[in-house]
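Work through the exercises below with the sequence and the model open. Try each task before reading its solution.

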Amino acid sequence: LLAGVSAIVSIWFLASLSSNAYQSDLEQQVLAQQSQTLSILAAEVDQEVEDRIKMLESTAARITPLMFTHPSAAQAFLNDRHHMSQQFPGGYYLVNSDAVIVASVPTSLAQAGLAYQPDKAMLTQLREGKSVVSKAVYGKRLNSGVFGIASPVRDQQPAPNRPKKR
């Protein structure tokens, strides 16, 4: 009888160990798979953001100084960028160096003449001539989480000819 009970306890103990080892191994495999999936998704998101930054930089390169003083020209320019509406479904706008909105698509997004208030880190990077992605915030107008991508409009005036140092 003692041998039978001992055998049953031994089998139960081995089954328990085997089950725990299997569960631990399964958890490790699931974690590895989730980590790999997240890495793939993160790379895709990163590429999508990079594509949008390039699109903004390309668009910013076409903005002329005239657009900052003539909002109707700026609005017409933004309206002609149909491809941007698909990539920026929340809208997009042009802001001057005083952080005042000049034009927007859709026009209901932001009224021309209103001040735009980016966070200080974003403003610093823009003033340094760098494109930037903002922190995510809750967008009251869109009623969802949003983040901004901004690209500076660079001075298109050529640098004056300077004498070369010898």
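The exercises go from the overall fold to single residues.

This is a predicted model, in which local features need pLDDT of at least 70 and side-chain atom pairs count only at pLDDT 80 or more, while totals for chains, interfaces and linings use all residues. Residues are numbered from 1 along each chain as its sequence is written, and side-chain values use heavy atoms, with hydrogens and water left out.

**Exercise 1. Fold**

Task: State how many helices and strands the chain has, and in which pattern they follow.

Solution. Step one is to assign elements as DSSP runs, numbered from the N terminus: helices are H or I with at least four residues, strands are E with at least two. This gives five helices and six strands. Along the sequence they read α-α-α-α-β-β-α-β-β-β-β. Step two is burial, where buried means under 20% relative accessible area, exposed over 50%, and partly exposed in between (1.4 Å probe, protein chains only). Of the 166 residues in the chain, 22% are buried. Step three is contacts, meaning heavy atoms within 4.5 Å. Among contacts with a separation of 6 or more, 46% join residues 24 or more positions apart.

**Exercise 2. Core**

Task: Find which residues touch the most other members of the largest nonpolar core.

Solution. Such a core is a set of buried Ala, Val, Leu, Ile, Met, Phe, Trp, Tyr and Cys residues joined through side-chain atoms within 4.5 Å. The largest one has 17 residues, and L78, F88 and L94 touch the most other members. Two or more residues each come from α1 (2-60), α3 (71-79), β1 (92-95) and β2 (101-105). The most come from α1, which gives four. Leaving out residues up to four places away in sequence, F88 touches R52, M55, L56 and I149.

**Exercise 3. Salt bridges**

Task: Locate the salt bridges and describe the burial of R52.

Solution. The rule asks for a side-chain nitrogen of Lys or Arg within 4 Å of a carboxyl oxygen of Asp or Glu. Two salt bridges meet this rule. One joins R52 and E48 at 2.7 Å, N to O. Both residues lie in helix α1, four residues apart, about one turn of the helix. R52 counts as buried because its relative accessibility is 18%, whereas E48 is partly exposed at 41%. The other bridge joins E128 and K130 at 3.3 Å, N to O. K130 is partly exposed, at 43% relative accessibility.

**Exercise 4. R81**

Task: Describe the surroundings of R81, which is buried yet has no salt bridge.

Solution. Place R81 first: the residue is in the loop between α3 and α4 (82-87). Next, look for opposite charge, counting Lys and Arg as positive, Asp and Glu as negative, and neither His nor the chain ends. The nearest such side chain is D80, 5.1 Å away. Then check rings: a charge sits over one if NZ of Lys or CZ of Arg is within 6 Å of the ring centre and within 35 degrees of the ring normal. R81 lies over the face of F77, at 3.8 Å from the ring centre. Not counting residues up to four places away in sequence, R81 touches T59, R62 and Y92.

**Exercise 5. Backbone**

Task: Describe the backbone at A99 and at the peptide bond from V105 to P106.

Solution. Most residues other than glycine have a negative phi, and most peptide bonds are trans. A99 is not a glycine, yet has a positive phi of about 65 degrees. A99 lies in the loop between β1 and β2 and is buried, at 18% relative accessibility. The bond from V105 to P106 is cis, with omega near -5 degrees. P106 lies in the loop between β2 and α5 (120-127).
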